[in-house]
Amino acid sequence: MDHQQQQPFRTDPAEVEAWAKDLTQQFSQLLATQQTRRAQEALRKRVQSTSRSRSRSPVPPAPLHRHTPSPAPPTSSSSAAARSPRPPPVPPKIPNNYPSPSAQSQSSSSSYMTPAPTSPLPMSPSQPQFQPQPHPQPHPQYPYQQPSQQSASASASSSHLRPPPTPTRPFTRVNSAPTSSNLPPPYVAVRPVPRQPQPPSDSASTQFRNFLMGLSETPVRYENPGLLDNALSVIPLDQIYGEAEEEHMLFKAEAQSLGQFKEKWGYQDCVIRALLRWFKRTFFTWVDCPICPNCGSKTELQGLTPPNPDEIVRGATRTELYKCPKQDCQRHERFPRYSDVWALLEARRGRCGEWANCFSMLCRAVGGRVRWIWNSEDHVWTEVYSDHQQRWVHVDACEEAWDQPRLYTEGWGKQIAYCVAFSHDGGAADVTRRYVRNPRMHGLPRTRCPEEVLLYIIDEIREKRRKNLSNEDKNRLMREDMREEQEFKEYVAAVLAAEVGAGAAAHLELQRPSEAEKRPRESGRGEWARVRGEDGQHSGPANRPGGRGGP
Ligand SMILES: [Zn+2]
């Protein structure tokens, strides 16, 4: 495969790069000036107070020192970390099957967080949490003198949050001058290496590749005219199109009243929005513990059981067994988990796996361009392409959520390693940055394979899906990829701006989650969401699949 050809997909357009560079330079200069000023002020006060206390010697110096401002001013980043309810960092668990430390060092420095590649400095491996490090002096936990340790200390997930070094403030590793602790943090980690896709070379990577390859088939299964016709026959099209038209008129009226040239959402977007409401409110049912058909009590999960022949025929991959807890009933109830969309059109019930699968297919049936999103922390959802806004829009059928990508991190308190999008024509895309805006707060280490290998796998899937497309379609998809990359870079810049506390209003707006995104999980009863850590009460990692039968 020719990867040189693929390269334009993720190299920046020159102007974006220039813009990002300019932005980060401004931030770093600002930060430097602020910090130096505060440092000088602190030092001056300390000197004054010390000399005062010496001149009036009977007064013990301690109380005065209590009022001495700390020489290290709290940066917005450290307060952000303090807000984070996450536990203190622990060293990343390295799977035993990692071939060598060098492979590990490439492993999870997330490519999705890399800004303009500029220097051949070594990338850092992942760290569960970034620890703000404003002290350039040697620190027991972060010995800067050792390059390997140094790269380990600065998490990849945070690397982009630090502006690059500016010529006005050369970076010094070891500096014991009194004001050194007030210098800007070491910016070395911000400069990533441009990544080249690399084929998987260890068993974990190969496994992950096969896993993603398998997942990439999901949206391809929707491309069946018989299936889509069947789907159209269950959708109340008159109702959907009627609602969509009405809502589109409202958006147009709104735009007109605000003097805007363009309405917020187009007609096709409104069709999907109407479909979403109908799907959630009338078509599909959420199943946690099924109701006993005998007595109406809530059943209890007994475990997994092999699907019976009938269930297998209808595409069940596994069946959950439930039992009625009532003494005089004790009836068993089966809940086959269908991955086959035909069966789901009939069953019309399930959890997020079934919801996302069936809803994505229905979006396709009404003519939407669809992505099926896999998330490594046990959730799946949909993205639909908005021609009107020229971008992919997050849609979660379980939550009736439209364009609320921060719902999982800000609302459910989820931490996320990977979100990968699959579509029948585009192939695959790493869309994690859309859902994890601040990797330091909400990112998990990406340890499934080295980032270079993930690039390779995504290229491989893209190649496979696009190879039979016309040149026109290929070019269109490539332009889309570039637009999406730019969108992701803007998110990164917005977080950077917010953290330095000097962002333009537009950037803050980009960074701030909407009210709708700050809500706990809706689908599933409270206990179910709580067990999974998705009730918005805490932000510990969601329980791994297996406990309650997965998504
Ligand atoms: Zn019963």
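How many Å should the 13 residues of helix 8 (residues 203–215) span, and how far apart are its end C-alpha atoms? The expected span is 18 Å at 1.5 Å a residue, and the end C-alpha atoms are 18 Å apart, which agrees. That expectation is 1.5 Å times one less than the number of residues.

The model is predicted: local features need pLDDT of at least 70, side-chain atom pairs count only at pLDDT 80 or more, and totals for chains, interfaces and linings use all residues. Residues are numbered from 1 along each chain as its sequence is written.

**View 1. Buried and exposed residues of helix 8.** Ala204, Ser205, Phe208, Arg209 and Leu212 are buried (20 or more other C-beta atoms within 10 Å of the residue's own; exposed, 12 or fewer; partly exposed in between; C-beta atoms placed from the backbone). Seen down the axis, the buried residues fall within an arc of 135°, so they line one face of the helix; the arc is that of the directions from the helix axis to the C-beta atoms. Exposed Ser203, Asn210 and Gly214 lie on the face turned away from the buried side.

**View 2. Hairpin of strand 6 and strand 7.** Strand 6 (residues 370–375) pairs with strand 7 in the antiparallel sense over six bridges (pairing requires at least two DSSP bridges; helices, H or I of at least four residues, and strands, E of at least two, are DSSP runs numbered from the N terminus). Ile373 has Trp381 as its bridge partner in strand 7. Three residues separate the strands, and Asp378 in the turn has a positive phi of about 70°.

**View 3. Hairpin of strand 7 and strand 8.** Five bridges join the antiparallel strands 7 and 8 (residues 391–396). Ser386 stands opposite Arg391 in strand 8.
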